[in-house]
Amino acid sequence: MTPANSPRVGIDFGTSSSALAIADGDGHVRFAQLPTLGVLGPSWRTLLFFEPDEQPRGQPIQYTAGGEAIAAYLECMGEGRLMQSFKTHLTTESLGRTTIAQHTIGLDDMIALYLLRLRQRAEEHLRMPIGAVTIGRPVRFAGGRTASDDALAAERLLAAARVAGFHDARLELEPVAAAHHYERTLTRPELALVADFGAGTTDFCLMRMGPTGHGSARARDIVGTGGVGAAGDDLDAALIENLVCPALGKGSTYVEMGTERPIPGSYYYKLARWHHLPFLAGSRVRAELERLRRGARHPDRIAALMHIIDTNGAFHLHKAVERTKVELSRRPQANFDFSDGEIELHTSVSRRAFEGWIAPVTAAIAACLDDTLARSGVSADEVDCVFMTGGTAFVPAVRALFEARFGAAKLRSGDELMSIASGLALCAAA
């Protein structure tokens, strides 16, 4: 048990990565340094890894989290169960439970296990007990269609935090947290638009802010908010589906009972999206793919897909795609390289092609931005500055949307990957 007077921290619980930070009375923010492959850093991948063979009967479930989960996964050569993107499922009530040896766990359990281990590692580094937390949440949770969906997701997140040992857990909008971080740089009052580009959602917050801030009473300063489930993971998915999946059988055919049929696209949809990867595991999917492989026009491609699924190779595949995406933000052309000893995928892609593939995603972000401004009764000319945070802020096609509406001179950025956690720590300390 942690003492009731333990300090309040901020946690950016992200779809792909998370961070924990604490602010002192002077506004100085400190990040918990968390281990990944022998190196300490301020962010931790939002992952869990379970070894089914390492579950003593009658004992609590054994697992690793974050960077330690990556290390355990690599050590096991892809054996075991790697779980990720829990946040994306928070609006899904019908998601079932999964079996790990003699244990059965659901989504809420996974989030609690992750937050518990994050708290423990942060306590070790900061050398203090942690019992109170302000956790970031998107304006609209991924997959949420109604206010009740968002309310369900928020309560599930809070409940998991309490199970993880946070006796006092609160939520704050992620773009509001980013506004707290950005506000420290101001020398005059501004009407600012904060654009928070996460892995699962893109969120906007129009807020009046200034160099002195307003403590914790910020509701009156918020002019409008908006959010959409179109974000960084969708950009990765577009690359995988268009760049990788054709080499794994997408768009090809198979023959069954004398009839030629297309290979179902559902396997590739799931492969391209972190939060759907667990649905490719299991004997039923393997039996289906083996049947397709026997009748496929290109059986080697289906075999390659099966190999990636069987070896949990999608983790490395997504990392390779992420590197290509980052390179395309810097250069008009990039190479994609993936090799695991049995599969060799090497090709190049142009930024122009990539921007064509992600056009539906950028259009959804643009529509949400315009809707947020319209509902707030604010024109682009009235916005003094735009603070862009999150990795997708580096993508030229996304940045161009904001330059077209506000002008390049109004765009601000900085600490794109850590500003949410920093702002949450400041919110927690207010």
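The paragraphs below walk through two sheets, the helices packed around one of them, and a pocket, in a model that is predicted.

It helps to begin with a general point about sheets. Strands of a sheet pair through backbone hydrogen bonds, and the pairing can be either parallel or antiparallel. One open sheet here has three strands in the order β8-β7-β9, and its pairing is antiparallel. The strands at its edges are β8, covering residues 64-65, and β9, covering residues 81-84, each of which pairs on one side only. Strand β7, made of residues 47-50, joins β8 in the antiparallel sense over two bridges, and within this region Phe-49 can be found standing opposite Thr-64 in β8.

Another open sheet has five strands, arranged in the order β16-β15-β14-β21-β22, and its pairing is mixed. Its edge strands are β16, which spans residues 222-228, and β22, which spans 411-413, and each pairs on one side only. From one strand to the next, the twist averages 20 degrees. If you follow strand β15 along residues 202-209, you will find that β15 pairs with β16 in the antiparallel sense over six bridges, and that the bridge partner of Thr-202 is Val-228 in β16.

Helices pack on this sheet of five strands. Helix α11, formed by residues 359-376, touches β14, β15 and β16, and its direction makes about 155 degrees with that of β16. Helix α4, formed by residues 174-183, lies across β14 (190-197), β15, β16, β21 (385-389) and β22, running at about 45 degrees to β15.

From the sheet we can turn to the way helices meet one another. Two packed helices are described by the angle between their axes and by the distance between the axes. Helix α4 packs against helix α13, residues 419-429, at an angle of about 80 degrees, with the two axes 7 Å apart. Since angles of 65 to 115 degrees count as roughly perpendicular, α4 is roughly perpendicular to α13. On the α4 side the contact is made by Glu-174, Ala-177, Ala-178, His-180 and His-181, while the residues of α13 that take part include Ile-420, Leu-424 and Cys-427. Sorted by class, this contact of α4 with α13 has six nonpolar, five polar and one charged residues.

A further pair is formed by helix α5, residues 232-244, and helix α9, residues 314-330, whose axes come within 10 Å and cross at roughly 105 degrees. These helices, α5 and α9, are therefore also roughly perpendicular to each other. Among the residues that make the contact are Leu-235, Leu-239 and Ile-240 of α5, together with Leu-317, Val-321 and Glu-322 of α9. By class, the contact of α5 with α9 has seven nonpolar, two polar and three charged residues.

Several of these elements appear again around the largest pocket, in which about 1,100 Å³ of space lies. The largest pocket is lined by 45 residues, and those closest to its centre are Ser-16, Ser-17, Glu-322, Gly-391 and Leu-417. Glu-322 is thus a residue to look at twice, for it also belongs to the contact of α9 with α5. The elements that give two or more residues to the lining are β2 (17-23), β14, α5, α9 and α13, and of these α9 gives the most, with eight residues. Divided by class, the lining consists of 14 nonpolar, 18 polar and 13 charged residues.

Key. Residues are numbered from 1 along each chain as its sequence is written. This is a predicted model: local features need pLDDT of at least 70, side-chain atom pairs count only at pLDDT 80 or more; totals for chains, interfaces and linings use all residues. Side-chain values use heavy atoms; hydrogens and water are left out. Two strands pair if DSSP finds at least two bridges between them. Helices (H or I, at least four residues) and strands (E, at least two) are DSSP runs, numbered from the N terminus. Axes are lines fitted to C-alpha atoms, for helices over the stretch in contact, and angles run from 0 to 180 degrees between N-to-C directions. Contact means heavy atoms within 4.5 Å. Angles under 35 degrees count as roughly parallel, over 145 as roughly antiparallel, 65 to 115 as roughly perpendicular and the rest as oblique. Ala, Val, Leu, Ile, Met, Phe, Trp, Tyr, Cys and Pro count as nonpolar, Asp, Glu, Lys and Arg as charged, and the others, Gly among them, as polar. On a 1 Å grid over the protein atoms alone, a cavity is a set of points where a 1.4 Å probe fits but cannot get out, and a pocket is an open set with protein on both sides within 12 Å along at least five of seven lines; lining residues have an atom within 4 Å of a point. Grid points are joined across faces, edges and corners, and a volume is the space filled by probe spheres set on the points.
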